[in-house]
Amino acid sequence: MSALREKAAWRALEAHQPELDKQHLRDLFAADPGRAERYRADAAGWKFDYSRHRVNDQTLEHLFALARECGVEARRDAMFAGEKVNVTEQRAALHIALRAPARKVIKVDGVNVVPEVHGVLKRMATLANAIREGRWLGFSGRPIRNIVNVGIGGSDLGPVMAYEALRHYSDRKLQLRFVSNVDYTDFAEAVHDLRPDETLFIIASKTFTTLETMTNAHSARDWLMAAAGGDKKAVAKHFVALSTNEKAVEDFGISTDQMYGFWDWVGGRYSMDSSIGLSTMIAIGPDAFAEMLAGFHAMDEHFRTAPLERNLPVIMGLLGVWYTDFFNAETQAVLPYEQYLKRFPAYLQQLTMESNGKHVTLEGRTVDYQTGPVYWGEPGTNGQHSFYQLIHQGTRLIPCDFVGFAQSLNPSGRHHDLLIANVIAQAEALAFGKTLQQVKDEGISDELAPHRVFEGNRPSTLLLADRLTPAALGSLIALYEHSVFTQAAIWNINPFDQWGVELGKQLALRVVDEIESPRKPLNHDSATNATIAWYRKARRKTTAEGAVSTPAATSPQRVLVIDIGGSHVKAMISGNAREVEIKSDRTLTPETMIKQLRPAIRGWKYDAVSIGYPGPLLHDRIARDPYNLGKGWVGFDFAKAFGRPVKIINDAAMQALGSYEGGRMLFLGLGTGLGTAFIVDGIIEPMELAHLPYKKGTFEDYVGSRGLKQLGKKKWHAHVFDVVGQLQAALEPDYVVLGGGNVRHLETLPEGVRRGDNHNAFAGGFRLWENKT
């Protein structure tokens with residue numbers, strides 16, 4: 001049995017729970033006329049009414065005893081003192097320093113961090129004012145009017161929630177959008193109706209390496225560069241970074257003057273009042289942002305100083321423990337009766353479940369009690385016509401937090417009276433219900449009466465404030481932050497790490513490598529293998545048919561693509577997934593290639609031809625016969641031979657074009673030889689690097705098929721890594737794609753490198769004939 005369950009207060013609660021389980025809230029109110037007044041507390045502008053909970057004085061006495069026995073106050077004080085309470089990462093958890101007044105002294109490792117926090121806030125305010133006053137200009141000289149925040153997790157959920165919550169106070173001349181999902185649709189829809197020359201992107205990634213965020217960041221840069229005519233200087237006018245990685249930020253094209261840092265003692269889900277809140281500050285202005293910070297701080301001070309019996313976060317947290325561990329409640333509903341708080345439940349999902357969704361104690365022992373419940377919710381009154389049926393008459397106990405305000409930010413007629421009437425009525429209905437006799441007294445038939453019974457005895461909290469202001473929002477968020485901490489202290493878990501998100505990300509990197517390497521064997525379970533195999537097939541079909549295109553890039557023609565290699569020539573036509581193949585060797589000439597291809601493609605109807613050629617071109621013409629094929633390629637008239645218009649491109653460049661996903665991409669084709677191409681912001685440049693000097697020969701000698709055969713797989717593998725590293729250092733690409741048939745021999749890849757797919761050569765060939773409109 002765990003140490004927690006052996007504590008005297010825990011045992012007292014276990015013995016006490018059956019008594020409360022038998023009592024109805026109707027009886028508790030009837031027996032205690034002063035209950036509504038006694039079971040409430042006020043702090044930082046919030047009225048916290050917990051009278052409708054299934055507790056009595058003895059329950060609360062045991063819960064507060066449990067808090068003291070578990071050292072909640074000592075752990076709270078340690079957090080405020082800057083101690084390394086995040087024990088698994090050996091870090092402080094000092095989000096409270098983000099909203100501390102400038103006069104405060106809060107130390108981490110002996111250094112007062114408050115001046116640095118306020119230094120960042122001051123720089124944020126300078127930027128926010130420049131944008132709000134129309135002084136920040138884009139590359140065309142037009143003022144910035146669109147702000148797109150690109151982040152994920154805490155770098156998205158907090159800013160989105162805060163913007164929606166405080167939209168009433170925002171500058172309506174500004175458009176704010178948010179991009180988080182790696183699904184390109186998220187980005188495409190966010191920028192759909194925006195002018196690039198009026199758009200500023202905020203890239204929020206502490207390391208500037210977060211996969212989803214940086215993928216979207218490169219798409220944003222490509223989108224901007226296309227509008228700016230490829231002018232790299234435009235990036236500095238349209239991007240700012242929320243990061244601590246100066247080199248990566250500079251490499252991306254953002255001046256470090258526009259880099260706003262934060263600290264390792266700030267967790268992502270606790271960071272919306274750090275530089276991560278830059279979009280919020282731009283929207284509502286520095287003064288309103290400061291009001292929000294003051295609201296945070298007011299609740300911080302209340303949590304730090306109030307006795308447990310009057311401490312809102314402590315009471316909220318203990319009630320959560322009571323229902324989770326003694327009533328087997330699995331979820332908690334958060335129901336804001338304020339449309340501006342529509343994203344608040346989603347924000348709380350990360351705050352609560354990423355913090356307290358843990359199964360081991362601080363010492364690494366498996367718990368034998370329940371920890372964090374599932375949080376969910378929807379604004380009222382929408383939810384009343386959705387899931388309230390289950391809360392009222394279902395079989396599950398679901399404690400509810402109702403959030404409401406005395407004043408509407410948009411008053412009109414009876415609207416707000418009706419809204420608040422519903423808050424009050426729902427809390428009453430959940431608590432007291434309607435008995436069978438009450439239903440029959442209304443004249444309902446005996447057959448229908450059971451369906452109209454409301455059991456009641458469903459607990460809820462009323463959280464009420466005068467008005468939704470920046471300060472009220474700040475104190476509300478801090479209330480939940482510290483409630484989460486209280487529960488973690490009881491459960492003896494770490495609310496500041498999130499190792500549970502790592503495994504899926506690690507496996508995703510492995511799976512995407514396998515998706516992009518269709519010949520690589522699969523070694524997962526049978527279900528995962530089957531799903532990867534399905535997607536490989538679907539992806540290949542999509543690529544072959546040219547089904548993936550953008551509205552600005554269409555290919556109305558049917559295109560025959562021929563990919564010429566040292567051992568095989570492959571062909572495919574757009575709209576048909578079937579690939580044909582003939583052998584090639586050092587005797588292959590263009591005449592024999594076409595002669596052998598004709599029977600294989602008989603019946604294919606096409607309007608144009610793309611040819612990927614394994615050698616150099618000059619002005620789109622073959623400049624030299626290839627090393628690995630026969631003679632006669634220079635000057636050969638392919639257009640005449642096929643009777644169709646023909647475009648010839650270096651074979652590596654063609655596969656590179658099909659692999660390109662924006663930014664600066666280096667493509668290396670590991671085949672018979674070494675194909676190389678570089679794409680920068682959509683402009684492709686074939687690079688004949690294969691025959692440059694390397695060690696005692698050339699790059700191709702060591703990393704081509706000859707090198708693999710002569711050196712053996714292990715040494716060849718080492719040379720591939722070395723060549724990739726040298727080219728990365730020299731060319732500084734954002735990413736490297738390794739294609740060609742021999743990439744299958746690489747079980748691991750260097751950092752910043754992903755596998756290509758030979759089928760991307762066909763995609764590149766189709767793209768050659770796309771019309772840019």
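The lining of the second largest pocket draws at least two residues from each of five elements, tabulated here for this predicted model.

| Element | Residues |
|---|---|
| Strand S14 | 559-564 |
| Strand S15 | 568-573 |
| Helix H24 | 651-659 |
| Strand S21 | 664-670 |
| Strand S22 | 674-680 |

The volume of this second largest pocket is about 960 Å³. Its lining comprises 49 residues, and those nearest the centre of the pocket are Gly565, Gly671, Thr672, Gly740 and Gly741. Sorted by class, the lining of the second largest pocket holds 22 polar, 15 nonpolar and twelve charged residues.

A further feature is the packing of two helices. Helix H5 (residues 72-80) and helix H13 (residues 286-305) have axes that come within 10 Å and cross at roughly 135°. H5 is therefore oblique to H13. On the H5 side, the contact involves Arg76, Met79 and Phe80; on the H13 side, these meet Asp300, Phe303 and Arg304. In terms of class, the contact of H5 with H13 consists of three nonpolar and three charged residues, with no polar residues.

Aromatic pairs form the last topic. In the whole structure, a search finds 33 aromatic pairs. In the pair of Phe80 and Phe303, the ring centres are 6.3 Å apart and the planes lie at 45°, so this pair is tilted. Phe80 belongs to helix H5 and Phe303 to helix H13, and the pair links distant parts of the chain, 223 residues apart. Both Phe80 and Phe303 also appear in the contact of H5 with H13 described above.

Notes. Residues numbered from 1 in each chain as written. Predicted model: local features only at pLDDT ≥ 70, side-chain atom pairs only at ≥ 80, totals over all residues. Heavy atoms only, no water. Axes fitted to C-alpha atoms, helices over the stretch in contact; angles between N-to-C directions. Helix = DSSP H or I, 4+ residues; strand = E, 2+ residues; numbered from the N terminus. Parallel < 35°, antiparallel > 145°, perpendicular 65-115°, else oblique. Contact = heavy atoms within 4.5 Å. Nonpolar A, V, L, I, M, F, W, Y, C, P; charged D, E, K, R; others polar. 1 Å grid on protein atoms, 1.4 Å probe; cavity = no way out; pocket = protein on both sides within 12 Å on 5 of 7 lines; lining within 4 Å. Points joined across faces, edges and corners; volume = space filled by probe spheres on them. Phe/Tyr/Trp six-rings, centres within 6.5 Å; stacked < 30°, edge-to-face > 60°.
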